[in-house]
Amino acid sequence: MIMSNLALRKTEPAFGADLVETSVSDRSLASDEVEIEVLAAGICGSDLHAFAWDKGYEFMRPLLPVTIGHEFCGTVRGLGDAVTDDRSLAVGDQVVCWPTVPCGACWACQEGEPLGCEARRIIGLHRDGGFCARVRVPAANCLAVPPGMPPDVAALAEPLAIAIHAADLAEFKAGSRVVVLGPGPIGLAAAWIAAQEGARVLLVGLDDSQRLKLARGMGIEDVADLSEGSLADHVQEAFGGKVDRVIEATGAPASVEDGLLVLRPRGVLVAAGIHSGQCSIDLADFVRGKKQIRGAHDTTERAFRRAIDLLDRQGDALGRLISHRLPLRDALRGFELARGKTAMKIILYPNEIPGET
Ligand SMILES: [Zn+2]
Ligand SMILES: [Zn+2]
């Protein structure tokens, strides 16, 4: 049976994306794949970069057209022949998707370190993703969520897992002084996790009054806007000195430079934003300060499972990250909203929005 399938696709190596009617393939599922009916899919910063055709996304050019979207939750509708019980997936299960597909063949993959894979492919960037009604993905990338978890909340699992991994890399302790730069979904989630774990957190934005207000509503008490003073001044005011950890989630290269300046000797800066430009670092200060920069990208299975668990236990609090809910046919409006600073997480619904008729 061939079904119609509205999809948001990157069709051209240029700004924008297109809503197109595709058809769900009538070829049989590959043996290791599952077919998912997408219930809810979040717009991510990397979707925005791909949409805007920012530097760093040229790798997509030979792969176009590609259906974008990688933060999705859906229902398993079909299983490939070789999908066995070890992932405990069954038709009807509600799942989320870890979008990274490691190559399985390189040194890192052979060593059981898929995060180090140099040939990994991302669902929704290298191959078709979740801004559509039906998507086929490797079963190995699916994680079941508890029955009854709202699909939009479940769709937060992927970005939350990214934030948890960034926070893990920062290795802070209870009482650590942590500055989080960038109050978007990843920065806010990382700040929320750090606060939950007992760190002293300052969340910083730039012309970000609305998102910082939302952060306060989620329990991040200390927030600062760089339109009202420098980072160094805000950090001094909040902590009376430099900080132990900086988590950068802005994608603005200058924020890495600024973050290093407020970091204490032997402190760690975790860079989690995707940067389209370069930054310059005062290497003498960096070396004499014995500082570290760690790149955080993607996530780990542990962090992903923790994200699902947190959403199960604290879905009401974390659900506040969702600022807009739109049908997939309004995806372009969603992208416009997401490019501004008033939206937090925007969820697109390929099929129907629950509660709406
Ligand atoms: Zn993402
Ligand atoms: Zn590999």
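# Two zinc sites and what surrounds them

Author: Along the sequence, the donor residues of the zinc ion (ligand 2) show the spacing C-x2-C-x2-C-x7-C. This is a predicted model, in which local features need pLDDT of at least 70 and side-chain atom pairs count only at pLDDT 80 or more, while totals for chains, interfaces and linings use all residues. Residues are numbered from 1 along each chain as its sequence is written, chains are lettered from A and ligands numbered from 1 in the order in which they are written, and side-chain values use heavy atoms, with hydrogens and water left out.

Reader: What makes C103, C106, C109 and C117 donors of the zinc ion (ligand 2)?

Author: Their SG atoms lie 2.3 Å from the ion. A donor is an N, O or S atom within 2.8 Å of the metal (3.2 Å for Na, K and Ca), so these sulfur atoms qualify. Water is not among the atoms, so sites may look incomplete.

Reader: Why is the site of the zinc ion (ligand 2) called tetrahedral?

Author: The angles among its four donor atoms run from 104 to 117°. Four donors count as tetrahedral if all angles lie between 85 and 135 degrees (square planar for four, or octahedral for six, needs opposite donors over 155 degrees apart and all others between 65 and 115; anything else is irregular), so the label fits. For four tetrahedral donors the ideal angle is 109.5 degrees.

Reader: How do you know whether C103 and C109 are buried or exposed?

Author: Buried means under 20% relative accessible area, exposed over 50%, and partly exposed in between (1.4 Å probe, protein chains only). C103 has 35%, so it is partly exposed. C109, with 14%, is buried.

Reader: Which protein atoms are the donors of the zinc ion (ligand 1)?

Author: They are C44 (SG), H70 (NE2) and E71 (OE), lying 2.1 to 2.7 Å from the ion. In sequence these donors follow C-x25-H-E. The pair C44 and E71 links distant parts of the chain, 27 residues apart: C44 is in the loop between β3 (33–42) and α1 (45–52), and E71 is in strand β5 (residues 71–79). Helices (H or I, at least four residues) and strands (E, at least two) are DSSP runs numbered from the N terminus. C44 is buried at 14% relative accessible area, and E71 is buried at 1%.

Reader: What makes β3 largely enclosed by the rest of the structure?

Author: Nine of its ten residues are buried, so the description follows.

Reader: How do you know which strands β3 pairs with?

Author: Two strands pair if DSSP finds at least two bridges between them. β3 has five bridges to strand β9 (residues 134–138), eight to β5 and two to strand β18 (residues 345–349), so each pairing meets the rule. The sense is antiparallel with β9, with β5 and with β18. Across these pairings, E35 stands opposite R136 in β9, A40 has C73 in β5 as its bridge partner, and A41 stands opposite L348 in β18.

Reader: Why do R120 and D298 count as a salt bridge?

Author: A salt bridge is a side-chain nitrogen of Lys or Arg within 4 Å of a carboxyl oxygen of Asp or Glu. The R120 and D298 side chains meet at 3.1 Å, N to O, so they qualify. R120 lies in the loop between α2 (107–110) and β8 (121–122) and D298 in the loop between β16 (292–295) and α10 (301–318), so the pair ties together parts 178 residues apart in sequence. D298 is buried, at 7% relative accessible area. The whole structure holds 19 salt bridges.

Reader: What does the salt bridge of D244 with R177 tie together?

Author: The closest N and O atoms of D244 and R177 are 2.8 Å apart. D244 lies in strand β14 (residues 243–248) and R177 in strand β11 (residues 177–181), so the bridge joins parts 67 residues apart in sequence. D244 is buried at 10%, whereas R177 is partly exposed at 22%.

Reader: Why is L283 called exposed?

Author: L283 has a relative accessible area of 54%, so it is exposed. L283 lies in helix α9 (residues 283–288).
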